[in-house]
Amino acid sequence: MRESPRRELLTIQKKLWKLNKQIIEDSVLVKEPGFEAYEKAYCKAVAKYIRVADEDEMIEKALSSDVIYVGDYHTCNQSQRSFLRILKSVIKHDNNFCVGLELLHKSHQHILDKYFSGKISEKTFLKKIKLQEHWVFDLWENFKPLFDFCRYHHIKIFAIDAASKGSYLRARDKASAKLIAEIISKNPKKRFFIFIGDLHIAPLHLPSDVCREFIRRKIKKTDLTLYENSDAIYWQLANDGIDDYVEIVKLPDGSFCRMHTPPVVCQRSYLNWLEHEEGEIDYADAKTSFLEIVDRIAEFLDIKLGKMRDEVEIFTSGDLSFLKHLEERGDFSKSELRIIKKQIFASESYYIAKAKVVYLANLSINHAAEEAAHFIKSVCSGPEQPRFVVDAFYANILHEALGFFGSKLINHKRK
């Protein structure tokens, strides 16, 4: 019996997830000793949820906690945006919070303080902290809105990376824990957000080390952990058919997990960084981001798109529901649908002119700009007609060349 359209979509998505996972694992040439056990402890902490929760419940719990650990998937800009949303929600009720960031080493605290006080510019700040040398994920644009918000609202940011260069994960946890306890002991009336890489916030990792430091210093503080985008929980939600609208779940230990971005989208953000792709569009509002790129290309080429501009629909690897719509339309042959699915499995972005649908396998600016150019070309030239094989070959070359040309207009540094 043929599986349902939704079940087929889940099967495709899970295959993409497994493929991406293998590519990511293969990209690690030298594994840190003990990393697999470290990762396993994190996965165990986010293996299941007890019920769906909402933002109000999560914020209320955060407001009653002294230390809040928030997980960060460094290459996913939705991760940093999600944390900023939490911070905005909390300070509406209580602005007595500080933020600890893994992004910065404690040796750069004085430079950070000068930047926040307006004594040095952003350019000088970035030059002095040598972000590219200190932190492997040089993604300042992802974090800049957080810094801007904290500066405007006078929210103190502390650098909490205290480890020496080359330290393993557990040594980094212990060094950061000692520094966090020291900072909190000097600021006893403040409450703290600790924004740090996902794996660090498993109960047996940084939170446990901080707790030991508190006991040693006779500090009494309550804490809360806010995980994000657990793969295991996502597939549970997807199997139950509620992944599209559930954003927060509660875990057995009282912590919460924010489900703001599908696993395949998080994976692609890492692969984009690995492949040096320049920037990403906004997953939360992909159509607006895509149309901004369309407008920039069309304006440069002095092309008027008219009402057809707004007729295009945008889908990402986190939402394959368009496949179901294409099948239900009735005007796509089985052969055409097989070709589209083949493109998806190959992680290729695709403009499907007959349906006015753009599928972005990847949120990179380059992918979006290529498909924006393909969309503009389709609007200008109209529907493609069947061609003999040789003519089709050269037409495809021109099609891809136009896509690359569009991406160069948006990202002139593209190689």
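These are my notebook entries on a sheet, two helices that pack on it, and one residue.

**Entry: the sheet.** I began by reminding myself that this is a predicted model. I then looked up the strand order and found eight strands in an open sheet, running 1-7-8-6-2-5-3-4, with mixed pairing. At the edges I found strand 1 (51-53) and strand 4 (157-161); each has a single partner strand, so one side of each has no neighbour in the sheet. I also checked the twist: on average, neighbouring strands are turned by 30° against each other, direction ignored.

**Entry: one pair of strands.** In which sense do strand 7 and strand 8 pair? I found that residues 248-250 and residues 256-258 pair in the antiparallel sense, over three bridges. Looking across from valine 249, I met cysteine 257 in strand 8.

**Entry: helices on the sheet.** Next I followed helix 5 (residues 109-116), which packs on the sheet and touches strand 3 (97-105) and strand 4. The direction of helix 5 makes about 160° with that of strand 4. Then I turned to helix 8 (residues 140-152), which also packs on the sheet. Its contacts are strand 2 (67-72), strand 3, strand 4 and strand 5 (191-197). Against the direction of strand 3, I noted an angle of about 140° for helix 8.

**Entry: isoleucine 365.** I located isoleucine 365 in helix 16 (residues 365-381). Is isoleucine 365 buried or exposed? Its relative accessibility is 18%, and buried means under 20%, so isoleucine 365 counts as buried. Finally, I looked at asparagine 272, 93 residues apart from isoleucine 365 along the chain; their C-alpha atoms are separated by 9.9 Å.

Conventions. Residues are numbered from 1 along each chain as its sequence is written. This is a predicted model: local features need pLDDT of at least 70, side-chain atom pairs count only at pLDDT 80 or more; totals for chains, interfaces and linings use all residues. Side-chain values use heavy atoms; hydrogens and water are left out. Two strands pair if DSSP finds at least two bridges between them. Helices (H or I, at least four residues) and strands (E, at least two) are DSSP runs, numbered from the N terminus. Axes are lines fitted to C-alpha atoms, for helices over the stretch in contact, and angles run from 0 to 180 degrees between N-to-C directions. Contact means heavy atoms within 4.5 Å. Buried means under 20% relative accessible area, exposed over 50%, partly exposed in between (1.4 Å probe, protein chains only).
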